[in-house]
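Please read this report alongside the sequence and the model. It goes through helices, core, aromatic rings and single residues in turn.

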Amino acid sequence: MWMSFMLTFLVTSMIYSRLKFHSLPAPEVAPSFVIWLAPVGVSIIALNTFWKVLDKNNLFNWNLDFVHSFIQIISSLYAWFWVWWFVITLMILSYYLIKKSFPFTLGWWALVFPVAAFGIWLKFLSIDLSCAWLCPVVWFIWLLAITLWFIVFIKTLKAIYTKKAFRRPKVVK
């Protein structure tokens with residue numbers, strides 16, 4: 001619980017400081033807020049993969065129930081942190097969609113990977129906890145990731161064709 005609290009406190013204080021003393025970045029770099037979701041999702045996948053490898057290669061026949069419980073607790077804390085950051089990200093992106101434009105840049109690829117990583121983690125969770133009710137959620141998130149990937153891919157091809165893909169936004173120059 002303390003680790004989740006510390007992560008939440010750290011990120012909340014960074015967000016508050018950023019919003020209090022600086023304006024939000026230009027709309028061209030708005031998808032970069034989604035990037036923060038990827039390390040959390042991949043960490044959860046790594047922990048669950050580590051557990052499977054550790055359980056399979058238990059050379060000393062140790063009782064690994066404690067390790068498994070510990071990994072499940074850490075994964076759950078990371079998952080709630082992911083959900084919390086996802087809500088913050090949705091609020092920021094909706095601000096850009098409502099108040100400002102949201103132009104296409106190659107930074108849109110940041111929208112795809114974190115959603116896919118979370119879908120993979122949910123699949124691990126549904127298998128590990130035998131939660132059949134998570135299967136439709138997993139399918140929805142995978143369909144969302146594939147849809148996002150397809151949209152960004154088509155927009156990238158269009159931008160390459162019109163020779164706008166590799167123009168750097170003014171804010172990045």
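Is W139 buried or exposed? W139 is exposed, because its relative accessible area is 54%, over the 50% cut-off. The model is predicted, and every value below is computed from it.

## The W139 and W142 pair

W139 belongs to helix α5, and so does W142. Three residues separate the two, about one turn of the helix. In general, an α-helix has 3.6 residues a turn, so residues three or four places apart point the same way.

The structure holds 11 aromatic pairs. In the pair made by W139 and W142, the ring centres are 5.8 Å apart and the planes meet at 70 degrees. That angle is over the 60-degree cut-off, so the pair is edge-to-face. W142 has a relative accessibility of 28%, so this residue counts as partly exposed. Elsewhere, one aromatic cluster is formed by W36, F81, W84 and W85.

## Helix α4

Helix α4 covers residues 113-128, which makes 16 residues. At 1.5 Å a residue, the expected span is 22 Å. The C-alpha atoms at the ends of α4 are 23 Å apart, so expectation and model agree. After α4 comes S130, with a positive phi near 55 degrees.

Which residues of α4 are buried? They are P114, V115, A117, F118, G119, W121, L122, F124 and S126. Their cover includes α2 (37-56), α3 (65-99) and α5 (134-161).

## Helix α2

Helix α2 passes the same kind of length check. Its 20 residues should span 28 Å at 1.5 Å a residue. The end C-alpha atoms of α2 lie 29 Å apart, which agrees.

The buried residues here are L37, A38, V40, G41, I44, I45, N48 and W51. Helices α3 and α4 are among the elements that cover them.

## The nonpolar core

How many residues does the largest nonpolar core have? It has 36 residues, and Y96, W121 and L122 have the most contacts inside it. At least two residues of this core come from each of α1 (2-21), α2, α3, α4 and α5. Helix α3 gives the most, with 10 residues. In soluble globular proteins, nonpolar side chains tend to be buried together.

W121 deserves a separate look. Leaving aside neighbours within four places in sequence, W121 is in contact with G41, I44, I45, N48, S75 and A79. Of these partners, G41, I44, I45 and N48 are buried residues of α2. W121 itself is a buried residue of α4.

## Two residues of α3

T89 sits in helix α3. T89 is buried, because its relative accessible area is 3%, under the 20% cut-off. Beyond neighbours within four places in sequence, T89 is in contact with F33, V34 and L37. L37 is one of the buried residues of α2.

Y95 is also found in helix α3. At 33% relative accessibility, Y95 counts as partly exposed. Not counting residues up to four places away in sequence, Y95 touches L24 and K100. How far is Y95 from S75, C-alpha to C-alpha? The separation is 30 Å, for 20 residues along the chain.

## Two residues of α5

T156 and L143 extend the view of α5. T156 lies in this helix and counts as buried, with 10% relative accessibility. What does T156 touch, not counting residues up to four places away in sequence? The contacts are F104, L106 and W109.

L143 is in α5 too. L143 is exposed, with a relative accessible area of 51%. Its C-alpha atom is 21 Å from that of F104, 39 residues apart along the chain. F104 is also one of the residues touched by T156.

## After α5

K163 is found in the segment after α5. Its phi is positive, about 65 degrees, although K163 is not a glycine. Is K163 buried or exposed? K163 is exposed, because its relative accessible area is 66%, over the 50% cut-off.

Definitions and conventions:
Residues are numbered from 1 along each chain as its sequence is written. This is a predicted model: local features need pLDDT of at least 70, side-chain atom pairs count only at pLDDT 80 or more; totals for chains, interfaces and linings use all residues. Side-chain values use heavy atoms; hydrogens and water are left out. Helices (H or I, at least four residues) and strands (E, at least two) are DSSP runs, numbered from the N terminus. The expected span of a helix is 1.5 Å times one less than its number of residues. Buried means under 20% relative accessible area, exposed over 50%, partly exposed in between (1.4 Å probe, protein chains only). Contact means heavy atoms within 4.5 Å. A nonpolar core is a set of buried Ala, Val, Leu, Ile, Met, Phe, Trp, Tyr and Cys residues joined through side-chain atoms within 4.5 Å. Rings of Phe, Tyr and Trp (its six-membered ring) pair if their centres lie within 6.5 Å; planes under 30 degrees apart count as stacked, over 60 as edge-to-face and the rest as tilted.
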